[in-house]
Structures are given as structure tokens and as C-alpha cells.
Amino acid sequence: MKFRPLHDRVLLRRVEQNEKTAGGIIIPDTAKEKPMEGEILAVGSGSRNEDGKIVPLDVKAGDRVLFGKWSGTEVKIDGEDLLIMKESDLLGIIEKTSKKK
């Protein structure tokens, strides 16, 4: 199934976090918090400004983002748990930095 969010909404998948702490302690599933990091899968066309013109979103498919702990609506598409939320619920984009040698 293909899904395209409307207006200023985005569809994203939570990024799984490590199952061990830095000290090597394994965290059981019952003690884990849901990750607040995700990968954008699809974006809407944008929101309309006061003049009626469409303002495109700042994020695009493939971006890694941070969002609030209670943000979004959980949906199941093709058996996969995903989130739909407004762009304003996103806190920021995680940009990859290249290591210099």
C-alpha cells in the first residue's frame, strides 16, 4: 500500500535504540522507553500561508528527526507500526557529520 500524508503532516518510522547500556547492561523490553528518533518515510505537500500559497515542508523523505515523547498518532500500515504527525511536532533534523582524519 502507498500512503501520502496530507498538508503539513509526515509519516515516519521510529528508529530502534540500543538494547545495551554503555556499561553493557541489557535493557529488557518492559523497561525500554519508546525512541524519540525517527526516519521520515513520506511528507505532505505543505501548508497554506495567509495568501493561500503552499509553503513546502523543511523535511523530506529519508531525513532522521527528533520528536516529542507523546507526539503523533500511531498507525499500522502493511503490518508496520508507524507514526503520523504534523511538521510542527518535529523538534529538529539530525544531520550526519563526516569525520575528518
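**Strand pairing, salt bridges and local environments in a predicted all-strand model**

Aspartate 63 counts as buried, because its relative accessibility of 10% falls under the 20% limit set for that class. The model in which this residue is described is a predicted one. Aspartate 63 is placed in the loop that connects β4 (54-55) with β5 (64-67). A polar atom of the aspartate 63 side chain lies 3.0 Å from the backbone nitrogen of lysine 60. When residues up to four places away in sequence are not counted, aspartate 63 touches Gly38, Glu39, Ile40, Asp58 and Ile93. Of these contacts, Glu39 reappears below as a salt-bridge partner of arginine 13, and Ile40 as a bridge partner of leucine 12.

The secondary structure of the protein amounts to 8 strands and 0 helices. Read from the N terminus, the order of elements is accordingly β-β-β-β-β-β-β-β. The protein has 101 residues, of which 26% count as buried. Among contacts with a separation of 6 or more, 63% are between residues 24 or more positions apart. The exposed area of the protein is about 8000 Å², and 51% of this area is supplied by carbon and sulfur atoms.

Strand β1 (residues 9-14) pairs with two other strands. With strand β7 (residues 80-86), β1 runs antiparallel and is joined by 4 bridges. With strand β2 (residues 37-43), the arrangement is again antiparallel, and 5 bridges connect the two. Leucine 12 takes part in both pairings: leucine 83 stands opposite this residue in β7, while isoleucine 40 is its bridge partner in β2. Strand β7 also pairs with strand β6 (residues 73-77), in antiparallel fashion and through 5 bridges. In this second pairing of β7, leucine 83 is faced by glutamate 74. Leucine 83 is thus placed opposite leucine 12 and opposite glutamate 74. The hairpin of β6 and β7 has 2 residues between its strands, and aspartate 78 adopts a positive phi near 55 degrees there.

The structure contains 6 salt bridges. In one of them, the side chains of glutamate 39 and arginine 13 meet at an N to O distance of 3.6 Å. Because glutamate 39 belongs to strand β2 and arginine 13 to strand β1, this pair ties together parts of the chain that are 26 residues apart in sequence. Glutamate 39 is partly exposed, at 30% relative accessibility, and arginine 13 is also partly exposed, at 30%. Arginine 13 forms a further salt bridge with glutamate 80, with an N to O distance of 2.5 Å. Since glutamate 80 lies in strand β7 and arginine 13 in strand β1, the parts tied together by this pair are 67 residues apart in sequence. Glutamate 80 has a relative accessible area of 31% and is partly exposed. Through shared partners, the salt bridges join Arg13, Glu39 and Glu80 into one network. The strands that carry these residues are those already described as paired, with β1 joined to β2 and to β7.

Another salt bridge is formed by the side chains of aspartate 81 and lysine 76, with an N to O distance of 3.7 Å. Both aspartate 81 and lysine 76 are exposed. The residue ranges of the β6 and β7 pairing place lysine 76 in strand β6 and aspartate 81 in strand β7.

Two further sites concern partly exposed nonpolar residues. Leu66, Leu91 and Ile94 make up a nonpolar surface patch, and their accessible area together is about 270 Å². Within this patch, isoleucine 94 is located in strand β8 (residues 90-94). The relative accessible area of isoleucine 94 is 33%, so this residue is classed as partly exposed. Valine 55 is found in strand β4 and is likewise partly exposed, because its relative accessibility is 37%, a value in between the limits of 20% and 50%. The C-alpha atom of valine 55 is separated by 8.1 Å from that of serine 45, which is 10 residues away along the chain. With residues up to four places away in sequence left out of the count, valine 55 touches Ser45, Gly46, Ser47 and Asn49. Serine 45 therefore appears both in the C-alpha separation and among the contacts of valine 55, for which heavy atoms within 4.5 Å are required.

Definitions and conventions:
Residues are numbered from 1 along each chain as its sequence is written. This is a predicted model: local features need pLDDT of at least 70, side-chain atom pairs count only at pLDDT 80 or more; totals for chains, interfaces and linings use all residues. Side-chain values use heavy atoms; hydrogens and water are left out. Buried means under 20% relative accessible area, exposed over 50%, partly exposed in between (1.4 Å probe, protein chains only). A polar contact is a pair of N or O atoms within 3.5 Å; within protein, one must be able to donate a hydrogen and the other to accept it, and residues adjacent in sequence count only if both atoms are side-chain atoms. Patches are made of residues with over 30% relative accessible area and no salt bridge: like charges are joined within 9 Å, nonpolar side chains (Val, Leu, Ile, Met, Phe, Trp, Tyr) within 5 Å. Accessible areas come from the Shrake-Rupley method with a 1.4 Å probe; for residues, only the protein chains shown count as cover. A salt bridge is a side-chain nitrogen of Lys or Arg within 4 Å of a carboxyl oxygen of Asp or Glu. Two strands pair if DSSP finds at least two bridges between them.
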